[in-house]
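Subject: Structure for your review

Dear colleague,

Please find below the structure that I am handing over to you. My notes on it follow directly after.

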Amino acid sequence: MITIFKNKRDIPQDITYIELNDIFFNQNTAEKLDERAAQFIEKIDDARLLSKYKIRSRFDDITLNIDRLSTGCKTVLNVFYYPDKVFCLKECGNNALEVLYGFEKGFVYSEYAMIPFEMDSVEVQTLGGKKVIDDYEELKEWWEDEE
Amino acid sequence: MKSRPAVMEHFATVHTSFVIDFTFTNNITILMGDSGTGKTAAFSFIKECMVTNPKILCIDYFDYQKNIKEILCQANGKLIVVDNADILLDDDTRKYISQDDENQYLLIGRNPKNLFTTKENLFELVSERVGEQTKFMIQPYM
C-alpha cells in the first residue's frame, strides 16, 4: 500500500520530495517506461502507449510525445517507477487517485485530503508513527486533524 | 462566491483542430475534474492568444520561481489563467485573488482553499467532436 504524508516535516530526511511531477517525469521517468505503463496511461488518460516516447491521444487519434500525458498520469507513473521518493499528490484527479491508491508501494504528500471515492488500505505517516487506514471517513479525519 | 465576470463573459479561440468555447458566469472559475480531460491542452491554446490579446495573462509551472502575487498585483483588466494552481498559489495569493475585482480568474486546480468560493465557482472541462474538430467547453462541476 502507499504511504501518505500530510506535513513535509514528517518526510524522513533520506527521502527526496518532488513537487513538480511534470518536470520530474519528463527528465527522469519517461526513459524508464516499459509495457507496465500502458495500463495506467489507458485507464487515466484514455490514451495508448505506442512506444517508449509516443502515445496515441484520445483527442483526434493523433500521435503525441509522451510529455503530453496529464500531470495526474505523470504523478502515478512517477510513484510507480520511483517508489523510493515522495511525490506531490495535489494535481491528481479522482481517476488518477484511484489507480495510485491501489499501488503496493510508494510515497505521496499533500497537506489537504486527496482521497478517491473508492479506496482500499493506505499507510499514513507522521513524526508520531505510522498506521494503516482503510476507511474513507477515517482517512479524511486524519488529514483534517491538526497535530 | 457569486460575482459577475469583471473582464469577459465569453472566450473563444481555435488551435488547428481544437476549438475553445468558454462561457464564464463568475469572476473566479475553478476548472477541476479527472486527470486527462484536456485542461492543460486547453491552457496551452489560451496561452497562444496571449501573444496578441492584451486581456489574457497565463501562468503555469514555468513561473514556479516567480513571485506570483506580485504578477497578479501588477495586472489590470485581464483574464488571468493559472494552470498548476494548486502548486503555484499560496494562501496569501489566494486571499488576494478572492478580493481582486480588477481582474478575472480561470484557475486550473482542485483546491478552493482561501478563495472563498462556492460550488457555483466549480467547473469541469467537457469536449465534443464537431466534424473533424474537438470543441472544449466548461460546465458546472457535478
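In what order do the elements of chain A run from the N terminus on? The order is β-β-α-α-β-β-β-α-β-α-β-β-β-α, made up of 5 helices and 9 strands. Please bear in mind throughout that this is a predicted model.

Chain A as a whole

The C-alpha trace of chain A spans about 50 × 30 × 20 Å along its principal axes. For 147 residues, a compact globule would have a radius of gyration near 15 Å, and the 15 Å of chain A therefore agrees with that expectation. Of these 147 residues, 36% count as buried. Among the contacts in chain A with a separation of 6 or more, 52% come from residues 24 or more positions apart.

Helices α1 and α3 of chain A

Two packed helices are described by the angle between their axes and the distance between the axes. In chain A, the axes of helix α1 (residues 21-29) and helix α3 (residues 71-81) come within 9 Å and cross at roughly 55 degrees. Angles from 35 to under 65 degrees fall in the oblique class, and α1(A) and α3(A) are therefore oblique to each other. Their crossing is left-handed.

Which residues bring α1(A) and α3(A) together? From α1(A) they are N21(A), D22(A), F24(A), F25(A) and T29(A), which meet T71(A), K74(A), T75(A), L77(A), N78(A) and Y81(A) in α3(A). By class, this contact of α1(A) with α3(A) has 4 nonpolar, 5 polar and 2 charged residues.

The contact between the chains

Chain A gives 21 residues to the contact, and chain B gives 16 residues. On the side of chain A that touches chain B, the elements that give two or more residues are α2 (37-45), α3 and α4 (94-100) of chain A. The residues on this side of chain A divide into 8 nonpolar, 6 polar and 7 charged. Helix α3 of chain A thus appears in two settings: it meets α1(A), and it gives two or more residues to the side that touches chain B.

A buried leucine in chain B

L79(B) lies in strand β5 (residues 79-82) of chain B. Is this residue buried or exposed? L79(B) has 25 C-beta neighbours inside 10 Å and therefore counts as buried, the cut-off being 20 or more. Leaving aside residues up to four places away in sequence, L79(B) touches V7(B), M8(B), F11(B), K55(B), I56(B), Q104(B) and L106(B). For one of these partners, L106(B), the C-alpha to C-alpha distance from L79(B) is 7.2 Å, although the two are 27 residues apart in sequence.

Positive phi values in chain B

Two loop residues of chain B deserve a mention here. T16(B) has a phi near 45 degrees, a positive value in a residue other than glycine. T16(B) lies in the loop between β1 (10-15) and β2 (18-23) of chain B. It counts as exposed because it has 10 C-beta neighbours inside 10 Å.

F116(B), likewise not a glycine, has a positive phi of about 50 degrees. This residue lies in the loop between β6 (104-108) and β7 (122-130) of chain B. With 14 other C-beta atoms within 10 Å, F116(B) is partly exposed.

Yours sincerely

Notes. Residues numbered from 1 in each chain as written. Chains lettered and ligands numbered in written order. Predicted model: local features only at pLDDT ≥ 70, side-chain atom pairs only at ≥ 80, totals over all residues. Axes fitted to C-alpha atoms, helices over the stretch in contact; angles between N-to-C directions. Helix = DSSP H or I, 4+ residues; strand = E, 2+ residues; numbered from the N terminus. Parallel < 35°, antiparallel > 145°, perpendicular 65-115°, else oblique. Left-handed = near helix turned anticlockwise from the far one by under 90°. Contact = placed C-beta atoms within 7 Å. Nonpolar A, V, L, I, M, F, W, Y, C, P; charged D, E, K, R; others polar. Buried ≥ 20, exposed ≤ 12 C-beta atoms within 10 Å, placed from the backbone. Rg over C-alpha atoms; globule rule 2.2 N^0.38 Å.
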